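Welcome! Here is a short briefing to help you find your way around a structure you have not met before. Take a look at the sequence and the model, then read on.

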Amino acid sequence: MTQHINDVTLVSAATHFGYQQNYFSRLCRKLFKQSFSNLKTTLRMEMASRMLSLSNKNIDEISNELGYKNLTSFYSHFCNERGRTPRQFREDYQQRIHHP
């Protein structure tokens with residue numbers, strides 16, 4: 001999923017693994033205790049956190065690479081998951097690195 005995070009869908013993931021969409025959806029809930037959509041968001045936010053911490057890419061670039069159609073959606077998901085904006089997250093990370 002992470003290799004195709006920008007365009008993966010429930011249908012494409014189910015097809016890739018050889019499952020019917022409904023079965024794959026139930027399997028995600030059983031294995032990961034969350035819906036496919038929530039799993040995708042969780043993976044995107046983990047990847048965003050790494051990218052914000054370890055690269056100099058601008059936030060719009062990161063958002064696009066992760067498959068968000070607009071920056072507002074990315075900011076909203078990031079704030080909900082991490083409790084701060086992507087910019088604040090990056091600044092906090094840089095402060096921790098430079099001033100332990």
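Let us begin with Leu27, which is buried, with a relative accessible area of 17%; the cut-off for buried is under 20%. Leu27 is found in helix H2. Please keep in mind that this is a predicted model.

**The overall picture**

- The protein has 6 helices and 0 strands, and along the sequence its pattern reads α-α-α-α-α-α.
- The C-alpha trace spans about 50 × 25 × 20 Å along its principal axes.
- Of the 100 residues in the protein, 35% are buried.
- About 6,700 Å² of the protein is exposed, and carbon and sulfur atoms supply 49% of that area.
- Among contacts with a separation of 6 or more, 49% are between residues 24 or more positions apart.

**Helix H1 and its two sides**

- Helix H1 covers residues 10–17, and Leu10, Ala13 and Ala14 are buried in it.
- Viewed down the axis of H1, the buried residues fall within an arc of 100°, so they line one face of the helix.
- A general point helps here: an α-helix has 3.6 residues a turn, so residues three or four places apart point the same way.
- Thr15 and His16, on the other side of H1, are exposed.
- The cover over the buried residues of H1 includes helix H2 (21–32) and helix H3 (36–54).
- Just after H1 comes Gly18, which takes a positive phi of about 80°.

**Helix H2 and the loop that follows**

- Phe24 lies in helix H2 and counts as buried because its relative accessibility is 8%, where buried means under 20%.
- Which residues is Phe24 in contact with, leaving aside its neighbours within four places in sequence? They are Leu10, Ala13, Ala14, Phe17, Tyr19 and Phe36.
- Leu10, Ala13 and Ala14 in that list are the buried residues of H1, and H2 is part of what covers them.
- From Phe24 to Cys79 there are 55 residues in sequence and 28 Å in space, C-alpha to C-alpha.
- Leu27, also a residue of H2, is 13 residues from Ala14 in sequence and 10.0 Å from Ala14 in space, C-alpha to C-alpha.
- Lys33 sits in the loop between H2 and H3 and is exposed, with a relative accessibility of 71%.
- Phi of Lys33 is near 60°, a positive value in a residue other than glycine.
- As a general rule, most residues other than glycine have a negative phi.

**Helix H4: a buried and a partly exposed residue**

- Helix H4 runs over residues 59–65 and holds Ser63; Glu65 has its place in H4 too.
- Is Ser63 buried or exposed? Ser63 counts as buried, because its relative accessibility is 1%.
- Beyond its neighbours within four places in sequence, Ser63 is in contact with Tyr68, Asn70, Leu71 and Phe74.
- Glu65 counts as partly exposed, at 35% relative accessibility.
- Not counting residues up to four places away in sequence, Glu65 touches Ile5, Asn6, Met51 and Lys57.
- Glu65 and Asp7 are 58 residues apart in sequence, and their C-alpha atoms are 9.6 Å apart in space.

**Helix H5**

- Ser76 is placed in helix H5, which covers residues 71–82.
- With a relative accessible area of 38%, Ser76 is partly exposed.
- The C-alpha atoms of Ser76 and Ala48 are separated by 13 Å, and the two residues are 28 residues apart along the chain.

**The largest pocket**

- What is the volume of the largest pocket? The value is about 170 Å³.
- The residues that line the largest pocket are Met1, Gln3, His4, Asp7, Val8, Ser12, Ala13, His16 and Phe17.
- By class, this lining has 4 nonpolar, 4 polar and 1 charged residues.
- Some of these names have come up already: Ala13 lines the pocket and is a buried residue of H1, while His16 lines the pocket and is exposed.
- Phe17, another lining residue, is among the contacts of Phe24.
- Asp7 also belongs to the lining, and its C-alpha atom lies 9.6 Å from that of Glu65.

How values were computed. Residues are numbered from 1 along each chain as its sequence is written. This is a predicted model: local features need pLDDT of at least 70, side-chain atom pairs count only at pLDDT 80 or more; totals for chains, interfaces and linings use all residues. Side-chain values use heavy atoms; hydrogens and water are left out. Buried means under 20% relative accessible area, exposed over 50%, partly exposed in between (1.4 Å probe, protein chains only). Helices (H or I, at least four residues) and strands (E, at least two) are DSSP runs, numbered from the N terminus. The arc is that of the directions from the helix axis to the C-beta atoms. Contact means heavy atoms within 4.5 Å. On a 1 Å grid over the protein atoms alone, a cavity is a set of points where a 1.4 Å probe fits but cannot get out, and a pocket is an open set with protein on both sides within 12 Å along at least five of seven lines; lining residues have an atom within 4 Å of a point. Grid points are joined across faces, edges and corners, and a volume is the space filled by probe spheres set on the points. Ala, Val, Leu, Ile, Met, Phe, Trp, Tyr, Cys and Pro count as nonpolar, Asp, Glu, Lys and Arg as charged, and the others, Gly among them, as polar. Accessible areas come from the Shrake-Rupley method with a 1.4 Å probe; for residues, only the protein chains shown count as cover.
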